Amino acid sequence: MRIEGNPAPVDLGRVAVLMGGQSAEREISLASGGECLAALQARGVAAEAFDPAERPVAALGDYDRAFIALHGPGGEDGVIQGALEAMGVPYTGSGVLGSALGMDKWRSKWIWQGMGLPTPAFRVLRPGDDPGAVIDALGLPLFVKPLGEGSSVGTARVERADDLSAAAEAARAYGDAVLVERCIEGPEYTVALLESEILPAIRIEVGETFYDFNAKYRSDATRMVIPCGLPADAEAAMGALVRQAFGAIGASGWGRVDLMADAAGRFWLLEVNTIPGMTDHSLVPAAARARGIDREELVWRILLTSWRRGEGR
């Protein structure tokens, strides 16, 4: 049935579901893309898998639109978005600028800081820089992160000064410069956005040292607590902060913002995910379910962001 103001599945034409790629998150992207592909096909969309690691990107010009389920560099950082723009193929989610800034933890934090939005104090540590000076500025414990990876790939929590150099060296497997961020001690939250809608906040409880790659995608000890336990006014305030942070970097369509709360209950922005995971362990599908949106409807609504981007093509 055609929803007023929206297309029917047949109107969307041939859809490439981009998954896989060549980043460190290839495994997760294939899982996310597979879930999205199945949901679209169940909805009656003429959707096909497309792995840019195995096919030339130029072949995307044969499709009517693209559903992007690529994670990490090459898929989430504006590169594939720019290629699709050049070919005139509408795509889901954020545009080139929002994708690039969302993937760049350092520059997104500068934007938030410049706007007066709360984000933990940070430094960038490059080869040859003095780790001791970073510790003097930020204290301990710290988080060390690659500047342009997702899914906590290469991320480590540092409790002792002697461990900072080794953590930075491990993160440099994904780029010379690494982000070092003051650790906020307290509960971790994530809030998903679906166009104009803020989905229910999730409090994340893990059996690991922190919400790392294993906790996100493999561990059965990870708990997604919905409702998140905050009073309604506090959750609404967090949602308003998330909307502001998401818009500040030019992100659009759909995504997720991760935050920490300190002992005083203040919220601190960590990062934006412009193409969050869509696996059976992922947060956005869980938040959607809490709002009464099943996976098929969620994926359909994400696909519609490409319709609004490319309407009138």
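These are my notebook entries on the cysteines, the nonpolar cores and one sheet of this structure.

**Starting point.** I am working with a predicted model.

**Cysteines.** I looked for disulfides first and found 0 in the structure. Cys183 is in no disulfide, and its nearest cysteine sulfur belongs to Cys228, 20 Å away. A disulfide needs the two sulfur atoms within 2.5 Å, so that pair doesn't count. Next I checked whether Cys183 is buried or exposed. Cys183 turned out buried, at a relative accessible area of 9%. I looked up Cys36 as well: buried, at 1%.

**Cores.** Which residues touch the most other members of the largest nonpolar core? I got Leu40, Leu60, Phe67, Leu84, Leu298 and Leu303, out of 46 residues in that core. Helix H10 (residues 295-310) gives the largest share, with 7 residues. I also found another core lying apart from this one; it has 22 residues, including Tyr189 and Phe246.

Then I went back to Phe67 and listed its contacts beyond four places in sequence. Among them are Cys36, Leu40, Thr92, Ile302 and Leu303.

**Sheet.** I traced an open sheet of 4 strands in the order E4-E7-E5-E6, with antiparallel pairing. Strands E4 (122-125) and E6 (156-158) are the edges, each pairing on one side only. From one strand to the next, the twist averages 25°. Zooming in, I counted 5 bridges between E5 (residues 142-146) and E7 (residues 178-182). Val144 has Val180 in E7 as its bridge partner.

**Helices on the sheet.** Helix H4 (residues 105-114) packs on the sheet and touches E4, E5 and E7. Its direction makes about 150° with that of E4. I also saw helix H6 (residues 164-171) lying across E4, E5, E6 and E7, at about 20° to E5.

Notes: Residues are numbered from 1 along each chain as its sequence is written. This is a predicted model: local features need pLDDT of at least 70, side-chain atom pairs count only at pLDDT 80 or more; totals for chains, interfaces and linings use all residues. Side-chain values use heavy atoms; hydrogens and water are left out. Buried means under 20% relative accessible area, exposed over 50%, partly exposed in between (1.4 Å probe, protein chains only). A nonpolar core is a set of buried Ala, Val, Leu, Ile, Met, Phe, Trp, Tyr and Cys residues joined through side-chain atoms within 4.5 Å. Helices (H or I, at least four residues) and strands (E, at least two) are DSSP runs, numbered from the N terminus. Contact means heavy atoms within 4.5 Å. Two strands pair if DSSP finds at least two bridges between them. Axes are lines fitted to C-alpha atoms, for helices over the stretch in contact, and angles run from 0 to 180 degrees between N-to-C directions.
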